[in-house]
Each structure stands twice: as structure tokens, then as C-alpha cells.
Amino acid sequence: RAIEHLNHPHILQIFDYSGVDTDDCYIVTEFVEGATLKQLLEERGRLDSETVILLGIRLTEALAYAHREGIVHRDLKLENVMLRRDGTLKLMDFGIARFMEDAQVTIAGALVGSPAYMSPEQAQEGEIDHRSDLFSLGTLLYHLTTGSLPFHGRNPSVILRNLIEN
């Protein structure tokens, strides 16, 4: 419900959803024929800086719009961004997005999001706002440019520790 009203050329459009009072859950979205940024990175290796800049501009536009509407994405990562065959970028999967005034990090005590891309505030289960998305955007752009993540570890706990301490 938080994102059903979002209408931006770089955000996946939601046409319909099941609502909360049903056993059969669904979301109807626009169809995006293309690849995720993760698939692109795996196929081509690290991207040149000019391409990353263009992708970063489009993602920044999409996030700025969502933030103006009071929405924090909270799970920005390569898998949640698609590049259509015509070159249009689409930010997807606002599944854990929240309105900024209600942007708690946990759900029933569980950490929500992808550890490798989290901001330190999100990793420490603190209150987050649009700046958390910007940290994740920086991590995503770093990953595209270098081919690796800035914070490494064998498991989520190690990644989170490295993120918080480094």
C-alpha cells in the first residue's frame, strides 16, 4: 500500500494487489523485459564509470521522488534494479518500504534488508530515513564500478560487523 500511488518512469509501476484480507496474495506490475543489475554485472563484469554515473543519476531521480512522497525503500541492491532492453532503468521491490515516519528496521525482531547493502543505522536496528537509501545507493554504485562489495564476510553477521566497525 505504501507504494501503490508512486508514479515515476524509473520505478516499477504497480497496477493492482490483493490487499491484506485474502489468502491468495498477488501484485500485478508492469512487465519489464531486461536484466537486473546483478545479472548485468555477472555477465559483463564491472561497468565503466560513465555507465555507472548514468545509472546512478536515474536511481537518484527515482529515490528522490520516493523520498519526496515520504517512502524509504530500505532494500536497495543490484537485484532490485532492472535495466529494460530499451535502456530504461526500473527500481523494484519496495516490499519492505515504509513511510518515513514509520521506518522501523525490524519486523517482530527480525533484521529486514540485505546486509551487504545496509546503512550502519539499519544494521544496528536504528531509526532510518532517506539517508539510509543513499548509503545503500553508494554501496550499489561502488559494487558496479569495482565488481566487489565494500564490506565482506562469510556470513551476514560478519558483513554487518565489518559494516558497523569499518
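## Around helix H2 and a three-stranded sheet

The buried residues of helix H2 are covered by a set of elements that includes H1, E4, E5, E6 and helix H4 (130-146). Keep in mind that this is a predicted model. Which residues of H2 are buried? They are Val52, Leu55, Gly56, Leu59, Ala62, Leu63, Tyr65, Ala66 and His67.

Helix H2 takes in residues 49-68. Its 20 residues, at 1.5 Å a residue, should span 28 Å, and the C-alpha atoms at its ends are 28 Å apart, so the expected and modelled spans agree. Just after H2 comes glycine 70, with a positive phi of about 85 degrees.

### The chain as a whole

Stepping back, the protein chain holds five helices and nine strands. Going along the sequence, you meet them in the pattern β-β-β-α-α-β-β-β-β-β-β-α-α-α. Of the 166 residues in the protein chain, 43% are buried. The accessible surface of the chain is about 9300 Å², and carbon and sulfur atoms account for 48% of that surface.

Contacts also reach across the sequence. If you take the contacts between residues at least 6 apart in sequence, 59% of them join residues at least 24 apart.

### The sheet

Now for the sheet that contains E5 and E6. Three strands make up this open sheet, in the order E3-E5-E6, and the pairing is antiparallel. Why do E3 and E6 each have one side without a neighbour in the sheet? Strand E3 (34-36) and strand E6 (89-91) are at the edges and have a single partner strand each, so one side of each stays free of a sheet neighbour. From one strand to the next, the twist averages 25 degrees.

Strand E5 (residues 81-84) pairs with E3 in the antiparallel sense, over three bridges. In that pairing, alanine 35 sits opposite leucine 83 in E5. E5 also pairs with E6, again in the antiparallel sense and over three bridges. Here valine 81 has leucine 91 in E6 as its bridge partner.

E5 and E6 form a hairpin, with four residues between them. In the turn you'll find glycine 87, which has a positive phi of about 95 degrees.

A helix crosses this sheet too. Helix H1 (residues 37-44) lies across E3 and E5, and it runs at about 90 degrees to E3.

### Four residues to look at

Next, a few single residues and how much of each is accessible.

| Residue | Relative accessible area | Buried or exposed |
|---|---|---|
| Histidine 8 | 14% | buried |
| Arginine 74 | 2% | buried |
| Asparagine 80 | 4% | buried |
| Arginine 85 | 69% | exposed |

Start with histidine 8, in the segment before strand E1 (14-17). Histidine 8 has a relative accessible area of 14%, and the cut-off for buried is under 20%, so it counts as buried. Its side chain reaches the backbone nitrogen of histidine 10 at 3.0 Å. Leaving out residues up to four places away in sequence, histidine 8 touches Glu61, Ala62, Tyr65 and Lys90. Two of those names, Ala62 and Tyr65, also appear among the buried residues of H2.

Arginine 74 and asparagine 80 come next. Arginine 74 is in the loop between E4 and E5, and asparagine 80 is in the loop between strand E4 (71-72) and E5. What stands out in the backbone of arginine 74 is its phi, near 75 degrees, a positive value in a residue other than glycine. Most residues other than glycine have a negative phi.

Which residues does asparagine 80 touch, not counting residues up to four places away in sequence? They are His73, Asp75, Lys90, Leu91, Met92 and Asp93. Leu91 has already come up, as the bridge partner of valine 81.

Finally, is arginine 85 buried or exposed? With a relative accessible area of 69%, arginine 85 is exposed. You'll find it in the loop between E5 and E6. Arginine 85 touches Glu33 and Gly34, with residues up to four places away in sequence left out of the count. Arginine 85 and glutamate 33 are 52 residues apart along the chain, yet their C-alpha atoms are separated by 6.3 Å.

Methods: Residues are numbered from 1 along each chain as its sequence is written. This is a predicted model: local features need pLDDT of at least 70, side-chain atom pairs count only at pLDDT 80 or more; totals for chains, interfaces and linings use all residues. Side-chain values use heavy atoms; hydrogens and water are left out. Two strands pair if DSSP finds at least two bridges between them. Helices (H or I, at least four residues) and strands (E, at least two) are DSSP runs, numbered from the N terminus. Axes are lines fitted to C-alpha atoms, for helices over the stretch in contact, and angles run from 0 to 180 degrees between N-to-C directions. Contact means heavy atoms within 4.5 Å. Buried means under 20% relative accessible area, exposed over 50%, partly exposed in between (1.4 Å probe, protein chains only). Accessible areas come from the Shrake-Rupley method with a 1.4 Å probe; for residues, only the protein chains shown count as cover. A polar contact is a pair of N or O atoms within 3.5 Å; within protein, one must be able to donate a hydrogen and the other to accept it, and residues adjacent in sequence count only if both atoms are side-chain atoms. The expected span of a helix is 1.5 Å times one less than its number of residues.
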